Amino acid sequence: MRCRALNGVPQPALAEYYRQRSTEGGLLITEATTISQEGIGFPHVPGIYTEEQIEAWRKVVDAVHAKGGLIFCQLWHAGRASHKIYQPGGGAPISSTNRSISENWKVFMLDGTQDNFSKPRALDTCEIPKVVEQFRQAAINSIRADFDGIELHAAHGYLIDQFLKDAINNRTDEYGSSVENRCRFLMEIVRAGVAAIGNDRVAIRISPISNYIDAMDSDLLNLGLMVIEQLNTFQADMGLKLAYLHVTQLRVMPYLE
């Protein structure tokens, strides 16, 4: 059922799909839902940055709630895992880096063929708050669509993971180099989301050991533990608890040393 959102707008079939999978008290997580046009990484993905998209998602949420289920919107930005055809004006996809994804991986095009990912453009430091704001607004939009919460997609080689992993992030500013700095982008988004919609409605998805689309790290255990440590510190300092931490298992291919 993924990738059937025409012009980024969920269709009626999506409401039926999620309704069928809803159970009393059960939690559903949507497919990756982009926070902006720049966040698109493959054809026909849903968004939650326009009024039309918000209204369409509300119908999906209503169908889940009618069966007594809960549903979180998974907020996503593809970052460099995109192609210029999906970008406004045919520009370069944004990322933590200007390093391209290797040709071992391919991006799906609108006609169903595959191509190499486009070379990305590293965000200037001053541009990063704009992306954080897009995540914050997408969180607000999710609640406007009556979602029960959001899951920040910080996994599988997409934008937030492109800041976390040292095989991708080659920055020398406060968002790069040390593992603490590489977690900064994620933590700024978490803080913005909590301030906007409340802590119990914000969850995070990470994949420290996944190497999908070249998202590798030289110290997998330390990276995963640092993310957890910073989330725990944030919760303790604020006297709150986030909804949950979703850690995915490696399912794509064995990790390459």
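**Exercise 1. Which residues does Glu-174 touch, leaving out residues up to four places away in sequence?**

Solution. This is a predicted model.
Step 1: List the contacts. Glu-174 touches Thr-125, Asn-181 and Arg-184.
Step 2: Place the residue in the chain. Glu-174 lies in the loop between α4 (159-164) and α5 (179-182).
Step 3: Take one partner and compare sequence with space. Glu-174 and Arg-184 are ten residues apart in sequence, and their C-alpha atoms are 7.8 Å apart.
Step 4: Classify the exposure. Partly exposed residues fall between the cut-offs of 20% and 50%. Glu-174 has a relative accessible area of 38%, so Glu-174 is partly exposed.

**Exercise 2. Where do His-44 and Ile-213 lie, and is each buried or partly exposed?**

Solution.
Step 1: Recall the usual backbone angle. Most residues other than glycine have a negative phi.
Step 2: Look at the two angles. Phi of His-44 is positive, near 60°. Phi of Ile-213 is also positive, near 45°.
Step 3: Locate the residues. His-44 is in the loop between β2 (33-34) and α2 (51-66), and Ile-213 is in the loop between β9 and α7.
Step 4: Apply the accessibility classes. His-44, at 38% relative accessibility, counts as partly exposed. Ile-213 has a relative accessible area of 1% and is therefore buried.

**Exercise 3. Describe strand β9 (residues 202-206) and its neighbours.**

Solution.
Step 1: Check how covered the strand is. Five of the five residues in β9 are buried.
Step 2: Sort the residues by direction. In a regular strand the side chains alternate between the two faces of the sheet. In β9, Val-202, Ile-204 and Ile-206 point one way, while Ala-203 and Arg-205 point the other way.
Step 3: Find the partner on one side. Strand β8 (residues 149-154) runs parallel to β9 and is joined to β9 by five bridges. Glu-151 has Ala-203 of β9 as its bridge partner.
Step 4: Find another partner. Strand β10 (residues 244-247) pairs with β9 over four bridges, again in the parallel sense. Here Ile-204 is bridged to Leu-245 of β10.
Step 5: Trace the connection. β9, helix α7 (residues 220-238) and β10 form a right-handed β-α-β unit.

**Exercise 4. Which residues of α3 and α6 meet, and how do the two helices cross?**

Solution.
Step 1: Choose the quantities. Two packed helices are described by the angle between their axes and the distance between the axes.
Step 2: Read off both. The axes of helix α3 (residues 128-144) and α6 come within 9 Å and cross at roughly 35°.
Step 3: Give the handedness. The crossing of α3 past α6 is right-handed.
Step 4: Name the residues that meet. Ile-128, Val-131, Val-132, Phe-135, Arg-136, Ala-139, Ile-140 and Ile-143 of α3 meet Phe-185, Glu-188, Ile-189, Ala-192, Ala-196 and Ile-197 of α6.

**Exercise 5. Which residues touch the most other members of the largest nonpolar core?**

Solution.
Step 1: Name them. The core has 53 residues, and those with the most contacts to other members are Ile-48, Leu-75, Leu-152, Phe-185, Val-190 and Ile-204.
Step 2: Find the main contributor. Helix α6 (residues 184-197) supplies the largest share of this core, eight residues.
Step 3: Separate off the other core. A second core, of 15 residues, includes Trp-76, Tyr-86, Trp-105 and Met-109.
Step 4: Follow one residue outward. Leaving out residues up to four places away in sequence, Leu-152 touches Leu-75, Phe-135, Ile-189, Val-190, Val-202, Ala-203, Ile-204 and Arg-205.

Notes
Residues are numbered from 1 along each chain as its sequence is written. This is a predicted model: local features need pLDDT of at least 70, side-chain atom pairs count only at pLDDT 80 or more; totals for chains, interfaces and linings use all residues. Side-chain values use heavy atoms; hydrogens and water are left out. A nonpolar core is a set of buried Ala, Val, Leu, Ile, Met, Phe, Trp, Tyr and Cys residues joined through side-chain atoms within 4.5 Å. Buried means under 20% relative accessible area, exposed over 50%, partly exposed in between (1.4 Å probe, protein chains only). Contact means heavy atoms within 4.5 Å. Two strands pair if DSSP finds at least two bridges between them. A crossover is right-handed if, with the strands pointing away from the viewer, the path from the first strand over the helix to the second runs clockwise. Axes are lines fitted to C-alpha atoms, for helices over the stretch in contact, and angles run from 0 to 180 degrees between N-to-C directions. A crossing is left-handed if the near helix is turned anticlockwise from the far one by less than a right angle, and right-handed if clockwise.
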